[in-house]
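Hi,

Here is the structure I promised to pass on. Have a look at it first, and my notes follow below.

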Amino acid sequence: MAASLRNNRDFRLLWMSGLFAVLGTQMTALALPLLVLRETGSAVQAGAIGTVSVTAVLITMLPGGVMADRVERRRLMRLCDLGSFCVVGALVVAVWMGHVPLPLVLLVAGAGAVIGSLYGPAAFGLMRSVVPPEDMGTATARLQARTSTARLVGPMIGGALFGLHPVLPFLAEAVGLLLSTICVALVRTRSRSRTRAGSAFSKAELTAGLSFLWRLPYLRTVLLVFGLGMNFAFGALTFTALTVFSGGGRSGLGGGTVVTFISVGALTGALLAPRLRPERRTWALIAATCWLCVASALAIAWIKVPLFAGLLCAACMCLSTVASIGFLSTLLAVTPGDRVGRVQSAAGFLSSLVQPFGPLAGGALLTAFGSRTTFGAIAGVLAVSAAVVTFAPSARPGPEVVAAADALGASKRSGASKRSEPSGPPEPSGPSAPSDSSAPSDSSADEVLAHGIPEDSAGTPEDRTGAGGPRP
């Protein structure tokens with residue numbers, strides 16, 4: 001499988017495109033608030049950047065999925081990269097000239113969030129056309145490893161460049177966006193859904209992804225519990241740990257240790273996932289992640305050592321990353337081709353809905369009751385989520401997800417045997433046509449992989465699909 005992806009030219013280009021774009025974004029994630037602090041000296045105005053970004057993402061995430069299912073996805077990605085390049089270029093000029101008005105900074109933050117809401121679903125839809133089903137899990141893990149690496153090193157590089165000159169991290173992002181645009185332009189595969197009549201932003205279109213997820217009890221339960229509940233509680237846990245171990249802001253060493261270990265845990269999980277085949281055991285991974293988070297919160301409440309807390313948080317992040325990769329690879333396989341963008345956006349929307357409130361709740365509890373009680377309360381929320389995921393019948397995968405996982409495994413074995421036959425035809429580097437238009441297969445497992453759950457059966461009570469929840 002690794003050799004197959006190395007020979008897949010379009011996947012390599014998509015991987016490099018995302019690396020350039022994500023690395024630039026992570027560099028400016030630290031530099032942008034530092035720039036506002038440098039210009040205004042106001043922490044409130046610096047904090048407004050995050051508020052604008054989160055608000056813009058939540059507002060535009062569902063419409064972004066609709067656009068990804070309406071417009072040719074490669075073209076949409078190129079337009080997003082060019083739009084980001086223009087916005088960041090305007091900021092580079094302003095910083096170089098020595099006058100950076102706050103409205104321009106907020107515009108850059110908001111525009112970046114909006115463009116990201118369009119780019120993400122389009123990239124996932126295009127990847128489904130570029131990567132064969134047997135390589136989907138490995139490809140997803142490699143994308144996650146790329147993002148985790150950028151999150152680990154990007155802020156450090158951005159901070160170092162900002163120390164040399166404030167314009168450098170933004171100039172580096174602009175160069176990265178230009179390189180990303182070139183990589184996407186070189187991708188040969190096209191991916192367009194079937195053209196549909198009617199308004200692109202009607203209620204039915206905007207809620208199509210949510211409806212697909214909601215009608216399937218397994219997805220509904222896991223996304224609500226693991227996506228909403230766990231994201232909220234894990235955000236509160238990490239923020240509380242960051243605050244406690246940084247001495248209330250007096251030292252960055254302890255808090256920085258925790259944050260670094262979390263990033264390392266995410267990267268480790270992404271590297272381990274291809275060996276573990278998480279799409280076959282995602283429910284067990286989700287349950288294990290939930291209970292490990294419960295134990296970690298209780299342990300941190302009593303053993304207040306930054307290195308110990310960092311190791312526990314890293315273990316939680318590693319396990320949840322493996323589970324999320326299994327979920328995403330199976331979700332891409334079972335989702336109908338003309339709804340990939342909307343379903344991916346809907347899952348992201350549900351997972352992100354309460355995430356900003358986790359640190360706020362953690363800070364309020366910490367101020368009112370102290371660290372031990374706060375960690376205990378967080379452990380209680382995590383325990384409720386863990387119990388639901390473990391014991392609720394709707395949290396167990398049904399026949400559809402089992403069929404999809406078996407089909408993925410069969411595709412991997414078939415692909416491996418084809419590549420090992422010396423007399424067989426050469427392995428293609430990737431599909432030459434979008435998978436949305438592939439012909440139906442006689443095999444029921446292949447039918448699930450190629451086209452997802454048939455719409456006329458999606459609403460039946462016994463339907464179960466999906467393979468887990470997003471990473472906390």
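Let me start with L104, which counts as buried because its relative accessibility is 18% (buried means under 20% relative accessible area, exposed over 50% and partly exposed in between, with a 1.4 Å probe and protein chains only). L104 sits in helix α5, residues 102-130; helices (H or I, at least four residues) and strands (E, at least two) are DSSP runs, numbered from the N terminus. Leaving aside neighbours within four places in sequence, L104 is in contact with A90, L91 and A94, where contact means heavy atoms within 4.5 Å. Of these partners, A94 is 10 residues away from L104 in sequence and 8.8 Å away in space, C-alpha to C-alpha.

Before going further, the ground rules: this is a predicted model, in which local features need pLDDT of at least 70 and side-chain atom pairs count only at pLDDT 80 or more, while totals for chains, interfaces and linings use all residues. Residues are numbered from 1 along each chain as its sequence is written, and side-chain values use heavy atoms, with hydrogens and water left out.

Now the overall picture. The secondary structure comes to 18 helices and zero strands. The protein has 472 residues, and buried ones make up 50% of them. Taking contacts between residues at least 6 apart in sequence, 88% join residues at least 24 apart.

Some residues show such links well. S17, in helix α2 (residues 9-40), is buried, with a relative accessible area of 0%. Beyond its neighbours within four places in sequence, S17 is in contact with D81, Y119, S180, C183 and V184. V153 belongs to helix α6 and is partly exposed, at a relative accessible area of 28%. The C-alpha atoms of V153 and L23 are 8.1 Å apart in space, with the two positions 130 residues apart in sequence numbering.

Next, a helix pair. Helix α10 (residues 217-245) packs against helix α14 (residues 340-352) at an angle of about 40°, and their axes are 7 Å apart; axes here are lines fitted to C-alpha atoms, for helices over the stretch in contact, and angles run from 0 to 180 degrees between N-to-C directions. That makes α10 oblique to α14 (under 35 degrees counts as roughly parallel, over 145 as roughly antiparallel, 65 to 115 as roughly perpendicular, and the rest as oblique). On the α10 side the contact involves L223, G227, L228 and N231, which meet A347, L350 and S351 in α14. Those residues divide into four nonpolar, three polar and no charged; Ala, Val, Leu, Ile, Met, Phe, Trp, Tyr, Cys and Pro count as nonpolar, Asp, Glu, Lys and Arg as charged, and the others, Gly among them, as polar.

Two more residues belong with this part of the story. G229 also lies in α10, and, leaving aside neighbours within four places in sequence, is in contact with L224 and S385. The C-alpha atoms of G229 and V384 are separated by 8.9 Å, though the two are 155 residues apart along the chain. L353 lies in the loop between α14 and α15 (357-369) and counts as partly exposed, at 32% relative accessibility. Outside its neighbours within four places in sequence, L353 is in contact with L58 and L228. For L353 and V54, 299 residues apart along the chain, the C-alpha separation is 9.4 Å.

Last, the cavities. How many cavities of 30 Å³ or more does a search of the whole structure find? There are three. On a 1 Å grid over the protein atoms alone, a cavity is a set of points where a 1.4 Å probe fits but cannot get out, and lining residues have an atom within 4 Å of a point. Grid points are joined across faces, edges and corners, and a volume is the space filled by probe spheres set on the points. The largest cavity has a volume of about 40 Å³. Its lining has 10 residues, of which G137, T138, A273, P274 and P278 lie nearest the centre. The elements giving two or more residues to that lining are α6 (136-164) and α11 (253-276), and α6 gives the most, with three. By class, the lining of the largest cavity has five nonpolar, two polar and three charged residues.

Cheers

Note on methods
On a 1 Å grid over the protein atoms alone, a cavity is a set of points where a 1.4 Å probe fits but cannot get out, and a pocket is an open set with protein on both sides within 12 Å along at least five of seven lines; lining residues have an atom within 4 Å of a point.
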